[in-house]
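These are my notebook entries on one protein chain, written as I looked things up one after another. I kept them short, and the structure comes before the entries.

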Amino acid sequence: MIIESYGDVIVLTGALRSNFWETIHTAISLTLKRHPTGVIIDCSGITEITEAGAETFHDAIEYVNEHDRARIVVAAVPPAVLEVLRSVPEVRSQLPIAATVEDARRSLDLLVTDENEPRKKRKDPEHREYNRTVVAVLSGDESDQDLLEVTDEIVNNMPAKVVLLYPIIVPRNLPLQSPMPEVESTAVKTIEMAKAHMLKTKTAHEARVEHGRDYPSLIQSIVEEVDAARVIFAFSRRSPEKMEEGLRLVGAIMHKVTRPIVIVRGRTDA
């Protein structure tokens, strides 16, 4: 087994017939020091793997999970290797897999929060002062514009930092941090639009893209984390299906989320 490391990627080449964790541990540790958000393992060069070799990834997952907000994603996995990885329960249930290194990198970069941005904004005299936080839940459809307009009205009367939250719901048959390129692409576009709106209105804000199993639990966890004074949620009514889905979500969110909720019904053309 040959190990190469460059940037945020570790490339494995050759046969992986035994647990190779002790050998790749140093490479992963150094990669995380350079790229604290995570590491990509390029598996395209693995020619053979056994279940014992697959345990390497289990140890790697556990190690990376010890680092706050860091993730591990494997990429370009040959079909025969993927079959063995999926035969090991601890690996199958936890290991995020991307089709390519580029997909893996986009997913890692997507979840980098603007940790320095709120501090910069608080020092900027052009941005309104605030003493509380509200969470605005984005959905990636036309109702987001209505959501942002209502958010403006709220923070104008109750100065607050806005946490722009885009939830990504991951099916339970996939590891929680699995890359989801199409959904993540929509998330990026939506977050950028919302951030531009916040900058235009000189509103302090933070952008979050978070993975979860269901909307209500994910929203509640973020609400508790940031100690939100309000949660703002919108749903589209452009079609009966969207309207029905939105009403179901409203009921579930009201049951789960413990803070005051503002519900925005998206406008229609009628």
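Before listing anything as buried, I fixed the term: a residue is buried when its relative accessible area is under 20%, and exposed when that area is over 50%. I also noted that I am working from a predicted model.

**Entry 1, helix α2.** With that cut-off in hand, I looked up which residues of α2 are buried, and found Gly 53, Ala 54, Thr 56, Phe 57, His 58, Ala 60, Ile 61, Tyr 63 and Val 64. I then asked what covers the buried residues of α2. The cover includes β2, α1, β3, β4, α3 and α4, the last of these being residues 89-92. I checked the length of the helix as well: the 15 residues of α2 should span 21 Å at 1.5 Å a residue, and the end C-alpha atoms are 22 Å apart, which agrees.

**Entry 2, the nonpolar cores.** I next looked up the largest nonpolar core, which has 31 residues, and noted that Ile 28, Ile 41, Ile 49, Phe 57, Val 64 and Leu 85 touch the most other members. The elements that give two or more residues to this core are β2, α1 (21-34), β3 (38-49), α2 (51-65), β4 (71-75) and α3 (79-85). Which element gives the largest share of this core? It is α2, with six residues. I followed Phe 57 further and, leaving aside residues up to four places away in sequence, listed its contacts as Leu 12, Leu 16, Ile 41, Cys 43, Ile 46, Ile 49, Val 74, Leu 85, Val 91 and Leu 95. There is also a second, separate core of 25 residues, and among its members are Leu 138, Val 155, Leu 164 and Tyr 166.

**Entry 3, the β1-β2 hairpin.** I turned to strand β1 (residues 2-6) and strand β2 (residues 9-16), which run antiparallel and are joined by five bridges. Within this pairing, Glu 4 stands opposite Val 11 in β2. The two strands form a hairpin with two residues between them, and Gly 7 in the turn has a positive phi of about 60°.

**Entry 4, from the hairpin to helix α5.** I searched the whole structure for salt bridges and found nine. One of them joins Arg 105 to Asp 8, with the closest N and O atoms 2.9 Å apart. This pair links distant parts of the chain, since Arg 105 is in helix α5 and Asp 8 is in the loop between β1 and β2, 97 residues apart. Are the two partners buried or exposed? Asp 8 counts as buried because its relative accessibility is 9%, whereas Arg 105 is partly exposed at 27%. In the helix of Arg 105, α5 (residues 101-110), I also looked up Asp 103. Asp 103 counts as buried at 16% relative accessibility, and it touches Ala 98 and Pro 181, not counting residues up to four places away in sequence.

**Entry 5, the charges around Arg 208.** I then asked which residues are linked with Arg 208 in a network of salt bridges. The network holds Lys 161, Glu 206, Arg 208, Glu 210 and Glu 225. Arg 208 pairs with Glu 206, the closest N and O atoms being 3.5 Å apart, and its side chain also meets that of Glu 225 in a salt bridge of 3.1 Å, N to O. Glu 225 lies in helix α9 (residues 215-226) and Arg 208 in strand β8 (residues 205-212), so the pair ties together parts that are 17 residues apart in sequence. Arg 208 counts as buried at 3% relative accessibility, and Glu 206 counts as buried at 13%.

**Entry 6, an exposed lysine.** For contrast, I looked up Lys 189, which is found in helix α8 (residues 181-200). Lys 189 is exposed because its relative accessible area, 61%, is over the cut-off of 50%. I also compared its place with that of Ile 61: the two are 128 residues apart in sequence and 30 Å apart in space, C-alpha to C-alpha.

**Entry 7, the whole chain.** Last, I noted the totals. The secondary structure comes to 10 helices and 10 strands, and 49% of the 270 residues count as buried. The C-alpha atoms fill a box of roughly 60 × 45 × 30 Å, taken along the principal axes. Of the contacts with a separation of 6 or more, 77% are between residues 24 or more positions apart. The accessible surface comes to about 13500 Å², of which 50% belongs to carbon and sulfur atoms.

How values were computed: Residues are numbered from 1 along each chain as its sequence is written. This is a predicted model: local features need pLDDT of at least 70, side-chain atom pairs count only at pLDDT 80 or more; totals for chains, interfaces and linings use all residues. Side-chain values use heavy atoms; hydrogens and water are left out. Buried means under 20% relative accessible area, exposed over 50%, partly exposed in between (1.4 Å probe, protein chains only). Contact means heavy atoms within 4.5 Å. Two strands pair if DSSP finds at least two bridges between them. A nonpolar core is a set of buried Ala, Val, Leu, Ile, Met, Phe, Trp, Tyr and Cys residues joined through side-chain atoms within 4.5 Å. The expected span of a helix is 1.5 Å times one less than its number of residues. Accessible areas come from the Shrake-Rupley method with a 1.4 Å probe; for residues, only the protein chains shown count as cover.
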